[in-house]
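Hi there,

Here is the structure I promised to pass on to you. Have it open while you read, and my notes on it follow right below.

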2 protein chains.
Amino acid sequence: MLHLEGEVINFRSMETRRADQIAVQLEELIFDGTFVDGQRLDEVRLAEHFGVSRTPLREALQRLALSGMVEMIPRRGAFVRQPGPVELMEMFEVMAELEAACGRLAAMRITDTALTDLRKANAKCLAAVEARDADSYYTENERFHRIIYQQSGNGFLEHETAKLHKRLKPFRRKQLRFRGRMAQSMAEHEAVVAALEHGDSARAEDILRKHVAVQGEKFHTLMASLKRAAE
Amino acid sequence: MLHLEGEVINFRSMETRRADQIAVQLEELIFDGTFVDGQRLDEVRLAEHFGVSRTPLREALQRLALSGMVEMIPRRGAFVRQPGPVELMEMFEVMAELEAACGRLAAMRITDTALTDLRKANAKCLAAVEARDADSYYTENERFHRIIYQQSGNGFLEHETAKLHKRLKPFRRKQLRFRGRMAQSMAEHEAVVAALEHGDSARAEDILRKHVAVQGEKFHTLMASLKRAAE
DNA sequence: GTCAACCTCTTTGTATACAAGACCGTTGAT
DNA sequence: ATCAACGGTCTTGTATACAAAGAGGTTGAC
């Protein structure tokens, strides 16, 4: 199963260390649900799966542990650690605050070309909504937000925000299909662009915070409905 | 130099993995300036300094690399990486936003006991100022802020904020001695407590953001003056 | 019959051994 | 004289070997 070894060799040119590639691949496997929450990650098994010794594999695991996707208990092993509903809400709340901060700063610092790019991304978003193309919407939506991170003019903030954004990716995807969510999201995007254009920090901050926070709330109701269905 | 080996054995009970202890110790050595910016960290040298093999030492280095204090260049080695003036300003800016977020949420969620604790910490701060005890001030100041992180009611936010706070520690320390900074800081603390007490989110957010941001600015002027002095 | 102690087997943590890329000096050619 | 190519050496990255801590099962005592 999972015959990835062939392609790995091609990657060798860009990522010199085997441990890096493995970390990325493991991340994928956790993201896409191949490894479920709480599952123990056997070093020997994984090592032979990837065709390496335990040494680089352990390094990869440690990286995932630091990013919070894996918990390493001394002398016990490494376990997949998906955030529970509470932690997920917390992460969305932080995401909302970070995006708000980006928006606030971007309103003061955004360039004209970036504004144009934002509008372009937004137009493509709209086209995707009308074409009912969820994947395309997702891609353009991501571009939209990434521009805002970048235009905060703060590389550190940009990086941290993008990091959390990436980590929440698999969970955000799940709740995109809510009725009317895309249309509402589009309206919010328009409002954000307008606020940034006018240099209205407070407004950009406010809209973005709510724009992201609502995702967390939608997720919350999703969880609640799942829970009720299970009872 | 640096005879730490004796004590290390005592730590064994709490931190089972040698790599963890080494990571902490290396962090200290970078913080206190024993290793300067750009310095290469020789694996073999450090390994024999700590009395271990390269394996756990490498794991420790990788951890520091992920926290940004060390840069690992493939096939080249690990180098100490202190943030430059620009990155430092960026980090302070993010710190300000995170603290502001904590304050905003804490204003809605703080408990009465926590408010009491805040006042206590503040009183001790004041006593430290009057006693011109910078160390004590620093400790109590930290407690004050940590309570606010905690009372955000968001464990993830608390953790991330504390992480950045810790990373900025060595740089914050340097600019505490500015004329009148302590007194001004005290006044801001009082205002924060008042805002939290009244559940005034917007005000708590605002004061805290400026309270932290001013540290970045002070640092900026400090850097500028150092630069001018060097010319 | 139940509980506890011991023993074994598995698995992690660390040390050592090996492979290969990067630095540096030398040498040779133009 | 300068520059490029080559080889040696040093350092990193990976594999393997070893040590020690847990997990689990079995046996023996009460």
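A polar backbone atom of Arg18(B) lies 2.6 Å from a phosphate oxygen of DNA strand C. That pair is a polar contact, meaning two N or O atoms within 3.5 Å; within protein, one must be able to donate a hydrogen and the other to accept it, and residues adjacent in sequence count only if both atoms are side-chain atoms.

Before going further, please keep in mind that this is a predicted model, where local features need pLDDT of at least 70 and side-chain atom pairs count only at pLDDT 80 or more, while totals for chains, interfaces and linings use all residues. Residues are numbered from 1 along each chain as its sequence is written, chains are lettered from A and ligands numbered from 1 in the order in which they are written, and side-chain values use heavy atoms, with hydrogens and water left out.

Back to DNA strand C. Chain A reaches this strand too: a polar backbone atom of Arg75(A) is 3.0 Å from a phosphate oxygen, and a polar side-chain atom of Arg40(A) is 3.2 Å from a phosphate oxygen. How many residues surround DNA strand C? There are 18, and the closest are Arg54(A), Arg58(A), Arg18(B), Ser53(B) and Arg76(B). Of the atoms of DNA strand C that come within 4 Å of the protein, 69% are sugar and phosphate. (A residue is near a molecule or strand if one of its heavy atoms lies within 4 Å of it.)

The surface near DNA strand C has 12 charged, 3 polar and 3 nonpolar residues. Here Asp, Glu, Lys and Arg count as charged, Ala, Val, Leu, Ile, Met, Phe, Trp, Tyr, Cys and Pro as nonpolar, and the others, Gly among them, as polar. α4 of chain A and α4 of chain B each supply at least two residues of this surface, and α4(B) gives the most, with 3 residues. (Helices are DSSP runs of H or I with at least four residues, strands are runs of E with at least two, and both are numbered from the N terminus.)

Now for DNA strand D. Of the 18 residues around it, Arg18(A), Ser53(A), Arg76(A), Arg54(B) and Arg58(B) come nearest. A phosphate oxygen of this strand is 2.6 Å from an N or O atom in the side chain of Arg58(B), and another contact puts a backbone N or O atom of Ser53(A) 2.7 Å from a phosphate oxygen. Arg40(B) has a side-chain N or O atom 3.1 Å from a sugar or linking oxygen of DNA strand D. The elements that give two or more residues to the surface near DNA strand D are α4 (54–66) of chain A and α4 (54–67) of chain B, with α4(A) giving the most, 3 residues. That surface divides into 12 charged, 3 polar and 3 nonpolar residues.

Next, have a look at the strands. In chain A, β2 (residues 70–73) and β3 (residues 77–80) pair in the antiparallel sense over 4 bridges; two strands pair if DSSP finds at least two bridges between them. They form a hairpin with 3 residues between them, and Arg75(A) in the turn has a positive phi of about 65 degrees. Which side chains of β2(A) are buried? Val70(A) and Met72(A) point to one face and are buried, while Glu71(A) and Ile73(A) point to the other and are not. (Buried means under 20% relative accessible area, exposed over 50%, and partly exposed in between, with a 1.4 Å probe and protein chains only.) In a regular strand, side chains alternate between the two faces of the sheet.

In chain B, β1 (residues 40–41) pairs with β3 (residues 77–80) in the antiparallel sense over 2 bridges, and the bridge partner of Arg40(B) in β3(B) is Phe79(B). Glu71(B) also stands opposite Phe79(B).

Last, a histidine to find in your viewer. His145(B) lies in helix α7 (residues 134–151) of chain B, and it counts as buried because its relative accessibility is 3%. A polar contact of 3.3 Å joins its side chain to that of His211(B).

Have fun exploring!
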